[in-house]
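Biologist: Let's walk through this one together. I'll keep asking how you know things, so spell out the rules as we go.

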Amino acid sequence: WQSVSVSSRVITQLIQKVRYYKRIGIKVYGFFPPCSPRLRRLELKLTGFNEATFIQQFKQAGGVWLAFNKPYHTYDGSHLHRDSAMAFSSDLAKALKRHIHKP
């Protein structure tokens, strides 16, 4: 694997977009797609991505962060088995529904 850094410029642009959308009344939701814990650790290590800082910036900009801590099963580390894909889709829909109906 070759190390690829996360672009701070791209993150800054994304956070600016979240602020803009919030200002004009559009809700922005974010989450990390489920993958195996091993793949997640590897991606974070190779990219130098600071997950906690990103989530904090995203929320401060007005975004709603959705966390999914339930284990979903993959067949290759990143692609979900059919049952897990259906479960995640359902969990995502429920999380969005909870937030959409908040004032």
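**The overall layout**

Modeller: Going along the sequence, the protein chain has the pattern α-β-α-α-β-α. This is a predicted model, where local features need pLDDT of at least 70 and side-chain atom pairs count only at pLDDT 80 or more, while totals for chains, interfaces and linings use all residues. Residues are numbered from 1 along each chain as its sequence is written, and side-chain values use heavy atoms, with hydrogens and water left out.

Biologist: How many helices and strands does the protein chain have, and what makes a stretch count as one?

Modeller: There are four helices and two strands in the protein chain. A helix is a DSSP run of H or I with at least four residues, a strand is a run of E with at least two, and both are numbered from the N terminus. Strand E1 covers 29-30 and strand E2 covers 64-65, so each meets the strand rule of at least two residues.

Biologist: What does the C-alpha trace of the protein chain span along its principal axes?

Modeller: About 40 × 35 × 15 Å. Of the 103 residues in the protein chain, 26% are buried.

**Buried or exposed**

Biologist: Why is Ser36 called buried?

Modeller: Buried means under 20% relative accessible area, exposed means over 50%, and partly exposed is in between (1.4 Å probe, protein chains only). Ser36 has a relative accessible area of 16%, so buried is the right word.

Biologist: And what makes Tyr29 count as partly exposed?

Modeller: Tyr29 comes out at 23%, so it falls between the two cut-offs. Ala85, in helix H4, gets the same label with 29%. Arg82 also sits in H4, but its 62% is over the upper cut-off, so Arg82 is exposed.

**One face of H3**

Biologist: Which residues of H3 are buried?

Modeller: Phe54, Ile55 and Phe58. Looking down the axis of H3, these buried residues fall within an arc of 95° (taken from the directions from the helix axis to the C-beta atoms), so they line one face of the helix.

Biologist: Which exposed residues does the face of H3 turned away from its buried side carry?

Modeller: Ala52 and Gln60. The cover over the buried residues of H3 includes helix H1 (8-23), E1 and E2.

Biologist: How do you know that Asn50 caps the N-terminal end of H3?

Modeller: A polar contact is a pair of N or O atoms within 3.5 Å; within protein, one must be able to donate a hydrogen and the other to accept it, and residues adjacent in sequence count only if both atoms are side-chain atoms. A side-chain oxygen of Asn50 lies 3.3 Å from the backbone nitrogen of Ala52, so the distance is within the cut-off. Just after H3, Gly62 takes a positive phi of about 110°.

**Ser36, Thr74 and Tyr29**

Biologist: What does Ser36 touch, leaving out residues up to four places away in sequence?

Modeller: Contact means heavy atoms within 4.5 Å. Ser36, in the loop between E1 and H2, touches Thr74 and Gly77. A polar atom of its side chain also lies 3.1 Å from the backbone nitrogen of Leu39.

Thr74 is in the loop between E2 and helix H4 (82-100). The Thr74 side chain reaches the backbone nitrogen of Gly77 at 2.9 Å.

Biologist: What is Tyr29 in contact with, leaving aside neighbours within four places in sequence?

Modeller: Phe58, Val64, Leu66, Leu96, His99 and Ile100. Tyr29 and His99 are 70 residues apart in sequence, with their C-alpha atoms 9.3 Å apart.

**The largest pocket**

Biologist: What makes something a pocket, and what volume does the largest pocket have?

Modeller: Rolling a probe the size of a water molecule over the atoms shows where empty space is left. On a 1 Å grid over the protein atoms alone, a cavity is a set of points where a 1.4 Å probe fits but cannot get out; a pocket is an open set with protein on both sides within 12 Å along at least five of seven lines, and lining residues have an atom within 4 Å of a point. The largest pocket has a volume of about 340 Å³, where points are joined across faces, edges and corners, and volume is the space filled by probe spheres set on them.

Biologist: Which residues lie nearest the centre of the largest pocket?

Modeller: Cys35, Arg40, Phe68, Asn69 and Lys70, out of 19 lining residues. Helix H2 (37-47) and helix H3 (51-60) each supply at least two of the lining residues.
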